[in-house]
Amino acid sequence: MSADWNAFVQEDVIIEPYKDGRLRGLTFAVKDVFAIKGYTNGAGNPDWLRTHKPAEKNAVVVDLLLAQGARLKGITHTDELMFSLNGENYHYGTPINPKAPGCIPGGSSSGSAVAVSSGSVDFALGTDTGGSVRIPSAYCGIYGFRPTHGSVPLDGVIPLAQSFDTVGWMARDAKTLLRVGEALFDGMEDTEGEFQQILFGRDAWEMVEEDCRKSFFKSIPLFERMTEKNEWITVAPQGLPELFKTFRTIQGYEIWSNHGKWIRDENPRFGPDIAERFAWTSTLSDSEYEKARPLQEQFRSYMHELLGSNRLLVIPTSSCTPPKRGLTGDQVEDRRTRTLQLTCIAGLSELPQVNLPMEDEEGLPFGISIIAGYRQDLKLLSWVHEKWSAPLTEKGEKIKK
């Protein structure tokens, strides 16, 4: 049974499709931050659940999917207020990673990733602010997509940090990932032209941990053969640590702006790591935030010009394969920092990113990501479906991904 994976908060929340459409016959689940009429979102925290009321209507994106023929089948677990990449919830436990049961599933869209990876649903919605769709997709061995910022409506979705919040989705195959994109974008995107060059971010690839370098770097020739032009570049001339600092400041300031009053008023029970992060966000000043904003704008302009409409950037999704469950200490924090230095690239530049599932020699899942130019979402999803569905080795054999 799907309940054995601990993916769902409420598996019996079912809504039939409004009519036939592009997604006819597909089932989907949603993270416990999307409004569903008559249901109270818990956002991964019992005090949030206690202090909020049932939704009066569905989140806009949920209605869009139902109107395209998809069937809602359950609400999934999340990390507390979406503020983690691990998927280990202090109050409700950890969903089981179907591809690596002894490892974390990744967060904060942990339940959605597990629901997809286990086959419980065809696709699932999550939110992605700092990597919350991309990382669980990589850890659970599935496709995951973070769209261009602002391209999918967030009405009826609990916010975290509005400068980076996106609605993302996950699927076991590239075709389904594309079908959802076609349903949500529905002709709004420019898909003309072709991607002509693949760029590899040298500084991003340096973030891969030593134990994982061999497996990760084996994927590079696959991409090199997909276009005639390839080039290694530096993604962040100012350095990825400095880039991450900018992201972290803006995100933290907005998180406290959105949820600080509720935290002060309700004094909610948080898990230790989450409590420490929220406490840190309360220390950020207006001046720190205002100083960081132009730095984001500079990087966003740089990335938009770099990729344009015909280049792709290939980077690791995370710094390594999924960590073991229950780990603590410096190693865990180092991995989190490395991974966030990778995920902040698309976040700060507001660009679409897709995770491609792969496996190492021991069968552990990991992900390689492709970032495309601004509003090139549907073109990127189509490219992945057409080019990545069955890549070949030099001997013409299908690789294990």
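Author: Helices (H or I, at least four residues) and strands (E, at least two) are DSSP runs, numbered here from the N terminus. This is a predicted model: local features need pLDDT of at least 70, side-chain atom pairs count only at pLDDT 80 or more, and totals for chains, interfaces and linings use all residues. Residues are numbered from 1 along each chain as its sequence is written, while side-chain values use heavy atoms, with hydrogens and water left out. Ask away!

Reader: Thanks! The mean pLDDT of the chain is 94, but over which residues is it below 50?

Author: pLDDT is the predictor's confidence in each residue, from 0 to 100, and 95% of the residues here reach 70 or more. One stretch in the model has a pLDDT below 50, although it makes 26 contacts (heavy atoms within 4.5 Å) beyond near neighbours in sequence. Where pLDDT is low, the predicted coordinates should not be read in detail. The stretch to treat with that care is residues 391-401.

Reader: In the open sheet of 11 strands, what does the twist average from one strand to the next?

Author: Pairing here is mixed, and the strands follow the order β1-β3-β2-β4-β6-β5-β10-β11-β9-β7-β8; two strands count as paired if DSSP finds at least two bridges between them. The edges are β1 (8-15) and β8 (229-233), each paired on one side only. From one strand to the next, the twist averages 25°.

Reader: Let's look at β5. Which residue of β10 stands opposite G144?

Author: Strands of a sheet pair through backbone hydrogen bonds, either parallel or antiparallel. β5 runs antiparallel to β6, joined by three bridges, and there G144 has M170 as its bridge partner. With β10, β5 again pairs in the antiparallel sense over three bridges. Opposite G144 in β10 stands N355.

Reader: Are Y143, G144, F145 and R146 of β5 buried or exposed?

Author: In a regular strand the side chains alternate between the two faces of the sheet. Y143 and F145 lie on one side of β5, with G144 and R146 on the other. Buried means under 20% relative accessible area, exposed over 50%, and partly exposed in between (1.4 Å probe, protein chains only). Both faces are covered, and all four residues are buried.

Reader: And which residue in β9 is the bridge partner of I198?

Author: Strands β7 (residues 197-201) and β9 (residues 311-316) run parallel, with four bridges joining them. I198 pairs in β9 with L312.

Reader: Helix α5 (residues 174-185) lies across part of the sheet; at about what angle does it run to β6?

Author: The strands under α5 are β4 (123-128), β5 (143-146), β6 (166-171) and β10 (353-359). Axes are lines fitted to C-alpha atoms, for helices over the stretch in contact, with angles from 0 to 180 degrees between N-to-C directions. Relative to β6, helix α5 runs at about 145°.

Reader: Turning to the 15 aromatic pairs, what kind of pair do the rings of F83 and F278 form?

Author: Rings of Phe, Tyr and Trp (its six-membered ring) pair if their centres lie within 6.5 Å, with planes under 30 degrees apart counted as stacked, over 60 as edge-to-face and the rest as tilted. The rings of F83 and F278 have centres 5.1 Å apart and planes at 70°, so this pair is edge-to-face.

Reader: How many residues apart are F83 and F278 along the chain?

Author: F83 sits in the loop between β3 (71-76) and α3 (110-117), while F278 belongs to helix α10 (residues 272-281). F83 is buried at 6% relative accessible area, and F278 is buried at 2%. Their pair links distant parts of the chain, and the separation is 195 residues.

Reader: Which residues do ring pairs link into a cluster?

Author: Another edge-to-face pair is W262 with F270, because their centres are 6.4 Å apart and their planes stand at 65°. Both W262 and F270 are buried. The ring-pair cluster is made of W48, F83, W262, F270 and F278.

Reader: One last aromatic: how far is R248 from the ring centre of W280?

Author: W280 is in helix α10 and is partly exposed, with 26% relative accessibility. Leaving aside neighbours within four places in sequence, its contacts are R248 and G252. A charge sits over a ring if NZ of Lys or CZ of Arg is within 6 Å of the ring centre and within 35 degrees of the ring normal. R248 lies over the face of W280, and its distance from the ring centre is 3.8 Å.
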